Amino acid sequence: MSVRMPGGATYDFLVGMRLHQDSALSPFLFTLVMDELTIRIQDDLPWYMFFADDIVLVDESRQGVHDKLERWRLTLESRGFTVSTSKTEYLHCCLSGREDTGGEVTIDGMVIPKVEKFKYLGSIIHQNEDINENIILHIKVDWQKWKYTSGVLYDKTMPACLKGRVYRIVVRPVVLYGSECWPMKRHRSKG
């Protein structure tokens, strides 16, 4: 490629496309590419989630997770990508009273560490469906947003309508993010 300028054209040079870390468009573009690369191994039902390079594979059995992980690894490696074994984790959720029967999940012969919780897109997911840590995390993040905006929120010269807008746009979404997916807990009164 070369660039034409008023003084003439530049020498030819190669152009390599890369994703930019801070670009808002990069995760979307990466997800589009990943969707196209893995179209043949995707299930009819969405038993996987991915956002940029974070992928979650879901199945009802440990063997199913293992098989999917191997399929994804082989497909991605055949297209020049690698699955980071050091960042890959396995979480078993005990739903409907099913017990964990043990066993391992491996990728390319390496055992994947089993965890009790992991963080995905700002939410903490526990194996026992506990949401307390997730709620505490959102409250902490909310207080930080409150601190960042306190200059506007406590400024006596700022109009109240502007303060309300800042709160609705910056603070409140942080508190409510993901809350529509939190399971309800049964409250047991003492006595």
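## Salt bridges: exercises

Lys117 has a relative accessible area of 37%, which makes it partly exposed (buried is under 20%, exposed over 50%, partly exposed in between, with a 1.4 Å probe and protein chains only). The model is predicted: local features need pLDDT of at least 70, side-chain atom pairs count only at pLDDT 80 or more, and totals for chains, interfaces and linings use all residues. Residues are numbered from 1 along each chain as its sequence is written, and side-chain values use heavy atoms, leaving out hydrogens and water.

**Exercise 1.** Find the salt-bridge partner of Lys117 and place both residues.

*Solution.*
- A salt bridge is a side-chain nitrogen of Lys or Arg within 4 Å of a carboxyl oxygen of Asp or Glu.
- Lys117 meets Glu133 at 2.8 Å, N to O.
- Lys117 sits in strand β9 (residues 117-120) and Glu133 in helix α3 (residues 132-153), so the pair links distant parts of the chain, 16 residues apart (helices, H or I, of at least four residues and strands, E, of at least two are DSSP runs numbered from the N terminus).
- Glu133 is partly exposed, at 28% relative accessibility.

**Exercise 2.** Trace the salt bridges of Arg73 within helix α2.

*Solution.*
- Start with Glu70: its closest contact with Arg73 is 2.9 Å, N to O.
- The two are three residues apart in helix α2 (residues 62-78), about one helical turn.
- Glu70 is buried at 17%. Arg73 is buried at 8%.
- Next, Arg73 bridges to Glu77 at 2.8 Å. These two are four residues apart, again about one turn.
- Glu77 is partly exposed at 36%.

**Exercise 3.** Name the network and give the total count.

*Solution.*
- Glu70, Arg73, Glu77 and Asp108 form a network of salt bridges.
- The count is five salt bridges.
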